[in-house]
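Subject: Structure handover

Hi,

Here is the structure we talked about. Open it, keep the sequence beside it, and read on for what turned up.

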Amino acid sequence: MEYIQLTKRENQVMDILWKENHKMSANEIAQTTEGLSIYTVSQVLQHLLSIGYVEVSGIGKNKKSIARLYSPCISESEYIASFIKKETFEELTLHFIQNNDDFESIEKLEKLIAQKKKELADK
């Protein structure tokens, strides 16, 4: 899937949703960071909804009112990866492997590679 590049404000809102990793109301998002008014957050969320980056994932109570809760439809890694060329991906992967001393990370990569090989062989 091709993704649309986010504006500064859209990126701020998405960063909050990715970092917090739970459903949030527009008011909660606005309170999470300085410089984002509830009006700005609401406008940004409407645009993110229209392009399919977030979804309304529930209803919650917000002091005296009921509020929509939002969650991301795409992961941060999916978004970032959509703007990286295949060759750069390969270089980043090689760099990660060559400079990684974490045994568990390397094992996890080996399992993912083995799983992908099996999927491709079964086609």
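V56 has its bridge partner in β2, and that partner is Y70. Bear in mind from the start that the model is predicted.

E55 also has a bridge partner in β2, namely S71. Both pairs belong to a wider pairing. Strand β1 covers residues 54-62 and strand β2 covers residues 65-72. The two strands run antiparallel, and 8 bridges join them.

Now look at the turn. The hairpin of β1 and β2 has 2 residues between the strands. One residue to find there is K63, which takes a positive phi near 55°.

Next, helix α1. Its residues are 8-20. Two positions in this helix are worth a click: I16 and E20.

Is I16 buried or exposed? I16 is buried, because its relative accessible area is 8% and the cut-off for buried is under 20%. I16 and P72 are 56 residues apart in sequence. In space, their C-alpha atoms are 9.9 Å apart.

E20 gives a similar kind of pair. E20 and S71 lie 51 residues apart along the chain, with 9.8 Å between their C-alpha atoms. You have met S71 already, as the bridge partner of E55. E20 has a relative accessible area of 29%, so E20 counts as partly exposed.

Move on to N21. This residue sits in the loop between α1 and α2, where α2 is residues 26-32. N21 has a positive phi of about 55°, although N21 is not a glycine. N21 counts as exposed because its relative accessibility is 67%, and exposed means over 50%.

Now go to helix α6, residues 103-122. Charge is the topic here. Side chains of opposite charge can pair when their charged atoms come close. How many salt bridges does the count come to? The count comes to 2.

Here is one of them. The side chains of E119 and K116 meet in a salt bridge, at 3.8 Å from N to O. Both residues lie in α6. They are 3 residues apart, about one turn of the helix. E119 is partly exposed, because its relative accessible area is 39%. K116 has 45% relative accessibility, so K116 counts as partly exposed too.

Here is the other. D122 forms a salt bridge with K118. The closest N and O atoms are 3.4 Å apart. D122 and K118 also both lie in α6, 4 residues apart, which is again about one turn of the helix. D122 is exposed, and K118 is exposed as well.

One more item on charge. Which residues form a negative surface patch? They are D101, D102, E104, E107 and E110. Take E107 as an example. E107 lies in helix α6. Its relative accessible area is 32%, so E107 is partly exposed. That value also fits the patch rule, because patch residues need over 30% relative accessible area.

To go through it yourself, try this order:

- Start at the hairpin and trace the bridges between β1 and β2.
- Go to α1 and find I16, then P72 across from the sequence gap of 56 residues.
- Stop at N21 and check its positive phi.
- Finish in α6 with the E119 and K116 pair, then the D122 and K118 pair.

Best wishes

Methods
Residues are numbered from 1 along each chain as its sequence is written. This is a predicted model: local features need pLDDT of at least 70, side-chain atom pairs count only at pLDDT 80 or more; totals for chains, interfaces and linings use all residues. Side-chain values use heavy atoms; hydrogens and water are left out. Buried means under 20% relative accessible area, exposed over 50%, partly exposed in between (1.4 Å probe, protein chains only). Patches are made of residues with over 30% relative accessible area and no salt bridge: like charges are joined within 9 Å, nonpolar side chains (Val, Leu, Ile, Met, Phe, Trp, Tyr) within 5 Å. Accessible areas come from the Shrake-Rupley method with a 1.4 Å probe; for residues, only the protein chains shown count as cover. A salt bridge is a side-chain nitrogen of Lys or Arg within 4 Å of a carboxyl oxygen of Asp or Glu. Lys and Arg count as positive and Asp and Glu as negative; His and the chain ends are not counted. The place of a charge is taken as NZ of Lys, CZ of Arg, CG of Asp or CD of Glu. Two strands pair if DSSP finds at least two bridges between them.
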